[in-house]
Amino acid sequence: MKLGVCYYPEHWPKSRWRADAEHMRKIGIEYVRVGEFSWSTIEPTPGELHWQWLDESLDILHENGLKVILGTPTATPPKWLVDRYPGMLAKDEQGRVRGFGSRRHYTFASLEYREECRRITSLMAQRYGQHPAVASWQTDNEFGCHDTILSYAEADLAAFHIWLKDKYGTIEVLNQAWGNVFWSMEYRSFDEIELPNLTVTEANPSHRVDFQRCCSDQVVAYNKLQVDILREHSAGRDLVHNYMGFFTAFDHHKVGQDLDVASWDTYPLGFLDQEVIYSEEEKHTYLRVGHPDFGAFHHDLYRGCGKGRLWIMEQQPGPVNWAPHNPTPADGAVRLWTWEAFSHGAELVSYFRWRQAPFAQEQMHAGLLRPDAEEAEAAKEAAQVAQEVVKLSAALGMDADELLSLPSAGKVALMFDYDACWSLDIQPQSRAYRYLFWCYRMYEGLRELGLSVDIIPSNAPLDTYQMLVLPAQAHISDDLLARLEAFDGVLLAGPRTGSKTSNYQIPENLAPGPLAKLMPLQVERVDALPNHTQMAVSGAWGEGLLKHWHEQIATDLPCLLKDNSGNPVLVGQGQHYYLGSCLDNGALKASLAKLAEKAGLETYYLPKGVRIRERGELIFVMNYASQTIDFAPEGAELVIGSRRLETANIAIWKKC
Amino acid sequence: MKLGVCYYPEHWPKSRWRADAEHMRKIGIEYVRVGEFSWSTIEPTPGELHWQWLDESLDILHENGLKVILGTPTATPPKWLVDRYPGMLAKDEQGRVRGFGSRRHYTFASLEYREECRRITSLMAQRYGQHPAVASWQTDNEFGCHDTILSYAEADLAAFHIWLKDKYGTIEVLNQAWGNVFWSMEYRSFDEIELPNLTVTEANPSHRVDFQRCCSDQVVAYNKLQVDILREHSAGRDLVHNYMGFFTAFDHHKVGQDLDVASWDTYPLGFLDQEVIYSEEEKHTYLRVGHPDFGAFHHDLYRGCGKGRLWIMEQQPGPVNWAPHNPTPADGAVRLWTWEAFSHGAELVSYFRWRQAPFAQEQMHAGLLRPDAEEAEAAKEAAQVAQEVVKLSAALGMDADELLSLPSAGKVALMFDYDACWSLDIQPQSRAYRYLFWCYRMYEGLRELGLSVDIIPSNAPLDTYQMLVLPAQAHISDDLLARLEAFDGVLLAGPRTGSKTSNYQIPENLAPGPLAKLMPLQVERVDALPNHTQMAVSGAWGEGLLKHWHEQIATDLPCLLKDNSGNPVLVGQGQHYYLGSCLDNGALKASLAKLAEKAGLETYYLPKGVRIRERGELIFVMNYASQTIDFAPEGAELVIGSRRLETANIAIWKKC
Amino acid sequence: MKLGVCYYPEHWPKSRWRADAEHMRKIGIEYVRVGEFSWSTIEPTPGELHWQWLDESLDILHENGLKVILGTPTATPPKWLVDRYPGMLAKDEQGRVRGFGSRRHYTFASLEYREECRRITSLMAQRYGQHPAVASWQTDNEFGCHDTILSYAEADLAAFHIWLKDKYGTIEVLNQAWGNVFWSMEYRSFDEIELPNLTVTEANPSHRVDFQRCCSDQVVAYNKLQVDILREHSAGRDLVHNYMGFFTAFDHHKVGQDLDVASWDTYPLGFLDQEVIYSEEEKHTYLRVGHPDFGAFHHDLYRGCGKGRLWIMEQQPGPVNWAPHNPTPADGAVRLWTWEAFSHGAELVSYFRWRQAPFAQEQMHAGLLRPDAEEAEAAKEAAQVAQEVVKLSAALGMDADELLSLPSAGKVALMFDYDACWSLDIQPQSRAYRYLFWCYRMYEGLRELGLSVDIIPSNAPLDTYQMLVLPAQAHISDDLLARLEAFDGVLLAGPRTGSKTSNYQIPENLAPGPLAKLMPLQVERVDALPNHTQMAVSGAWGEGLLKHWHEQIATDLPCLLKDNSGNPVLVGQGQHYYLGSCLDNGALKASLAKLAEKAGLETYYLPKGVRIRERGELIFVMNYASQTIDFAPEGAELVIGSRRLETANIAIWKKC
């Protein structure tokens, strides 16, 4: 595993640069991300390019043996550019222009802005494409951050018209597909269609889903434009984008197809505090370590987006500034997070940022160095990891590259599908239901059983897995159905699976639609429950509670869990199982354990807050609990750490 | 009682229509509402009228003996119309245009849109006014749904100027009436007046109340325009509009004056989950049956709007899609709701909708049929009611029409006044106070005593009642005062009664203003309490708590309840009583029982969650409780059901 | 102490005016505020001045021996003026024009509106500057009420450009100061800068702080314009403005520099209910008396703004209309509040308002008289105070003027700085932190120890104090540092002190920046905690909890309180102490007591809810508790009241 850091030479006097580079090396840093917010430094006034500072800083990094991930600066167009092309600005759902003064002030659909992106990316790629320091390029920065995928400006409407024409061909087909006869919403031409905001009550969900898809495709095209230029001028370098946590507004799998590696920016404490998925109890318990599945879930998700290759582009190194509250990490947490990323397949963990800036929006965001250039806590933990990597290599008798190539795939797959996410969240039927949250809780259940999981797109090959979970695959395409039929392992489909056709309609045979071929059953109606009402479930496979979503199922399949009126909740036999309700952690875990057993997978009994992950012959044991734990995987010997692990500590074992 | 259903032939292939009609008949449906969202099917492009589909579907319904309630399609103007008259769109309080893409995208004040309504209504009325299937017309659909009464567009301002000139004559009179000398708000001409939105702090409440009245009058005029056309071309047919639950933004009594029947759309579960009036405990307890007084309150309210005639135009048949959470009804609940409507005087209960649509906004809204055309639960319960109606007719020796003409009026009247509602809610003085909620809780108290109630407008005759409750009649007009003086029964006036003059000012003699003639007392000041502070009350008439609103009363009248400092809370003697505070359920019920006793009315002791309602010689016993109850009204014999009633069950008794 | 009242002769028939004046005198009123909302009465149409009504009413007041505080009417420009200068209207943060229809519909930055203010103020000053009744002038009314300091209109942008040029000179200096290199926010000219609203994510905090300073300076200039005119035409009269509670959006100290007296409008119950600073328990406990430190805090704060001179311009006399809930005060509370103001140095307490208006926005706002002109409760309490003032004068052998000149300064100073408030709240780092709230809780701790406190600006002389508290002085200027070095008493600096440079950057030596000269320590990082997590503190100086903000401190200073990991929380020795965390009431009070002891100050043990205040030789004992208390200060004799005090009662003692 390599360590990296995000660095902004433009923020500091030149006289500092060499010392910074030397200090990075000393800690064990090998990669440095540079440049992604520097457009106004590169081009302070239109057409006047200032490359010298970047030339010099890349040279200094190179001289110190550091490799550079160079960012295109398109997330922060300068003021003069915005003034020249005011139509490039996004509008929010309320119709307000989202102006200059922070970052991401553009809509992906703006053709004028894309042209400017092409220009600056070409200039950079031509200049640095063959620079010996440049090992990789990052396109833009955090697509969608600050809720910037959906925009309601003129450029977006124009793009939507084109997208719809392309998809439907004629307006009659669209009217039919959307069911526009309902409420007299029929259009006579594509040009009559508006964006689905500021309607009197909710717009047609088909309208909204298509707009979401269109906006997602704008991101894909926007990214592709830069990718093509970079491939032309900087062939052989890894192209990467840095995704975010709990973010589903565009299809990361599609963007990932055009890139070489997926990376993401992980802030375990900021997200714990910010996200509504976590209960108050979880927020309190994991205040200084983050939720035990936060990092893991995204590592497994984005490794799937990166065709197996994963980097962490920004790793939280201390308190951040942007969450509602910003506590300090527990001692050791930065090291824990770093090793955990490796256990899930990361090749690189890069800390954000090198040195805390004393000015502007993020002046309260910690770095490896403090504003006064002294080392902060995280610098010590990063250095420790760097030393431990050496120790681990030695213990395994591998060099660094061999270590990186340890296999990281799991034997259980959980299918995550952005289109399903939009489809279900746009009509959630209950405020208590969200696709992402349900996927996360299913993933949590698997992880608490000690299973190593891949999170896969709906078009992924299935043949390497012994068990497959479809948390809520709204639409089952013909292709997917064929692959599910061919799938050799144990399949579990969760509530809402197969509940929509490709046109966002209810299937003629009702849910689970085509999946009924594998699982003969019909969802007769849905009971969408408020938080105050949960129902008991019990049966051969355990007991517990159901909540939020409860389907009334008609089937002759064996019933493994029932609600307290005797209605089926979990049904199935052989390889195929259907779960019609959202279960609480206890019942869910019990059922997943039964399925894993049927799939021939070994599960663990882990103390609360403890997780394990296998990678190759290694077993990583991670303690997120507040208590010290004592845990040793059977048939394994210790390589790093100890059986007894305090909070935020990690041990690495090797299978004997 | 007749059963009906809402049907959208335009959503289904023609080949289905005949089977649908036959299936309706089989279940026992006699009325079918058709057409109210079909403008784009009728007139897909300006002036090109497509009647054939509607001709055919009416014919098929007619051939199957079904009667049609034909809706004017004006709640959903097509896109081309909106593009032609963009000024017809409403603006919300924030000044944003409320655009096309769902429904109700118009402001009532738009003269251009009214002209289009006149055109389409005339065309429909001319074509179908004498069609043998057409028994009734529904104007538009759910006036005000999605908060569409108040609009802040140019058309609304123009209408407001006219309305104000008409009311006040000169600007000096308006300035005086509104008290515009306060804060230098005086105007020199009507044209200087703006709408009362987007002011720096709250606008003058007189300004707001008058704007609300003006907007309400726009609805009246808008409805009247259609009524006049329909009466011309389709004389003898019942004209009806479908009102909504807990909706007070326009004066339903005024709209009702122009119609023949009042109907409303009842969704007991959706409203339970959605409305802040209900406590979390109520939401949990009544999750699958709705609150015991929800249906009843509106039945009695709208029967008063319909001059004694009541239909249910849309009855919830299963889970809906639009509440925050959408649970399934208890088994039997649809039947319970249907019978309850009858017990309160309904002539017709029509289910929404026939068959669940597989597309667009309401694809998760249940119908009598599922999307696959199989019967959903509700179809069975509707069929059961249809059979029980026959049984009941037989038991009473009446035919269907005689059954419908059973008297439904109560002996207790509760006055509900939209103008009072606006007056008090625009200056609530406490976030904990809302006029509607207080009326509802008084009604609940009466119902828990087993009393059959009429909810009446302020201009209703009073002579048939033994007891009259004025929950909070803000302004006591001369006419009302005269009728109150002449009233022969027991009168209870609640807090805030008589607190405003006709010009929204405090009466010179303070509250209760002119009512002091009947009840010599003066409200010296008001204690408006947060939820965290309630006060004990006790006295000759019981004990309990007061909350939200507590008036300091000066009077020599006998004091029947006092607060814990000895201040009067409930005072009065003989026929006239004044309650100065909002009471909790216990104290309120005890006081209402005393008043009923004085009025010579018999009250019941009912188990929690149980309600009864008398209609003619019949006594309906309804169980909303979670437990099975055992209840038999004295001196009555069972006609339908049994003494023991499970949750959501009903029994019908006949007085011996 | 003098009593006054706010009076609106324009609201009442002329025939009432004489009776009103006589009634005021009878109660003991000596001052009457008049005119501040009367522009439309004075000038109903442009240029047509109607002075007669004001001439007459001033004459009647004068004839009855009443002194007038005359208000300029600029808080309520008439409609015709707004129509003439639509650019004078403010825009809110969302970009919406804040229109006519209530009050304060202008932005301070509008040059057109300032010109109109100059015109009307000149006309009034010329006419009444030498009127014998006019003792004082109030400029405008409640600057900033209804959130009107920050405005985002064109006039504001123009003012901001001028202000920035004036401050920074060149755009390069601004770019450097703001750190605009971060996120490519660099500008090429001042004209490129926009207002910091409607950005995609948060704007640069330097941008926001400077905009806040600019807006504050607009208020200063706006006020100064009126002051200059009034000084010219009405020399010798006290110029005053009426500030508000818990309001920090402009620099009151700067405005106060141009005036003779500071006054404020005190509504203890309205603010208790409205403000998030108070817990639900406090809201319940103090429902009818207000929080024990609400009045006191503002009295001490504004006395500091008024260079030692303090008036209460509006004293709550009964229930108000504008809080979420509006309870009645406890019997005696109005008297308590009045005397408390005197104990903190008030020369005048003026009630708002004379007679409750029966119309417009505030018709539910109590006055000394009810709408029917009868006395409300407060009139009796005011009259009682008037008599007690006479009794007190007699007991002390002083005349009224001597009484007013009793010294009111404390021996403890708490520094309150508007610029620090903006600096810290614009980047709070935790939703649980607010500068004002922390200052208030520190003040509360001091008051619970019986200490008499001055709240002082950062440029105040320090030499009269034995103890000085800097709750969170974000920036320590060279001048302040010099005065702190010279300060002879005990100094306590709280968390975040010295954490920002003058350019809103982190100091090179980290916090507490220059203060490290006096207190050698360094804030290494910050732990910003959510409400659900508090940490124990303990040490030589007591024990309790820390919450919200917890700094990691490196120092060799003695550690007086530590957190439960042994990290320093409160450090210091000799005269200088640093507190790195927000403490709960118990720990805070214990530490303050230790510091007071070191400063040689005597502290009291007071029952909960009881406060004392010394003024000259007098000791005021005030009971805000719900229980009757028994308390006698040692070595003092009773002048007014008794040892035993019921809720809302007060006693005045004289030191022997």
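In this predicted model, E314(A) is buried, since its relative accessible area of 4% falls under the 20% limit. This residue belongs to strand β7 of chain A, which covers residues 310-315. The side chain of E314(A) is engaged in a polar contact with the side chain of R33(A), at 2.9 Å. When residues up to four places away in sequence are set aside, the residues touched by E314(A) include C6(A), R33(A), N141(A) and E142(A). Further along the chain, W264(A), D265(A), T266(A) and Y267(A) are also among the residues that E314(A) touches, as are S350(A) and F352(A).

The UniProt record, an unreviewed entry, assigns the feature "active site" to E314(A) together with E142(A). These positions are spread over 173 residues of sequence, yet they cluster in space, with a largest C-alpha distance of 10.5 Å. E142(A) is located in a loop of chain A, between β4 (134-138) and α6 (154-168). E142(A) likewise counts as buried, because its relative accessibility of 7% is under 20%. Beyond its neighbours within four places in sequence, E142(A) is in contact with R103(A), R104(A), H241(A), N242(A), M244(A), D265(A) and E314(A). The two annotated residues are thus in contact with each other. N242(A) and D265(A) appear among the contacts of E142(A) and also among the residues touched by E314(A).

The arrangement of the chains was examined next. Two copies of a chain are related by a rotation about an axis and a shift along it. For chain C and chain B, a turn of 120° with a shift of 0.0 Å along the axis lays chain C on chain B with an RMSD of 0.0 Å. This is the relation of a three-fold axis.

At the interface of these two chains, 59 residues of chain C are in contact with 45 residues of chain B. The area buried between them is about 4500 Å², with carbon and sulfur atoms contributing 54%. Of the area that chain C buries against chain B, 15% is supplied by H325(C), Q361(C) and M364(C), more than by any other three residues. The interface of chain C and chain B holds three salt bridges. One of them joins K79(C) to E194(B), with the closest N and O atoms 3.3 Å apart. Across the interface of chain C and chain B, 29 residue pairs are in polar contact. On the side of chain C that touches chain B, the elements giving two or more residues are α2 (39-42), α4 (79-84) and α11 (280-285) of chain C.

Chain C also meets chain A, where 45 residues of chain C are in contact with 57 residues of chain A. Between them, chain C and chain A bury about 4500 Å², of which 54% lies on carbon and sulfur atoms. Three salt bridges are counted between chain C and chain A. Among the salt bridges is that of E524(C) with R370(A), whose side chains meet at 2.9 Å, N to O. Polar contacts across the interface of chain C and chain A amount to 29 residue pairs. The elements giving two or more residues to the side of chain C that touches chain A are strands β13 (521-528) and β15 (542-555) of chain C. The largest share of that side, six residues, comes from β13(C).

Note on methods. Residues are numbered from 1 along each chain as its sequence is written. Chains are lettered from A and ligands numbered from 1 in the order in which they are written. This is a predicted model: local features need pLDDT of at least 70, side-chain atom pairs count only at pLDDT 80 or more; totals for chains, interfaces and linings use all residues. Side-chain values use heavy atoms; hydrogens and water are left out. UniProt positions are given in the numbering used here, feature names are shortened, and annotations may be inferred rather than shown by experiment. Helices (H or I, at least four residues) and strands (E, at least two) are DSSP runs, numbered from the N terminus. Buried means under 20% relative accessible area, exposed over 50%, partly exposed in between (1.4 Å probe, protein chains only). Contact means heavy atoms within 4.5 Å. A polar contact is a pair of N or O atoms within 3.5 Å; within protein, one must be able to donate a hydrogen and the other to accept it, and residues adjacent in sequence count only if both atoms are side-chain atoms. Copies are superposed by least squares on the C-alpha atoms of residues with pLDDT of at least 70 in both. Buried area is the accessible area (1.4 Å probe) that two parts lose on being put together, summed over both. A salt bridge is a side-chain nitrogen of Lys or Arg within 4 Å of a carboxyl oxygen of Asp or Glu.
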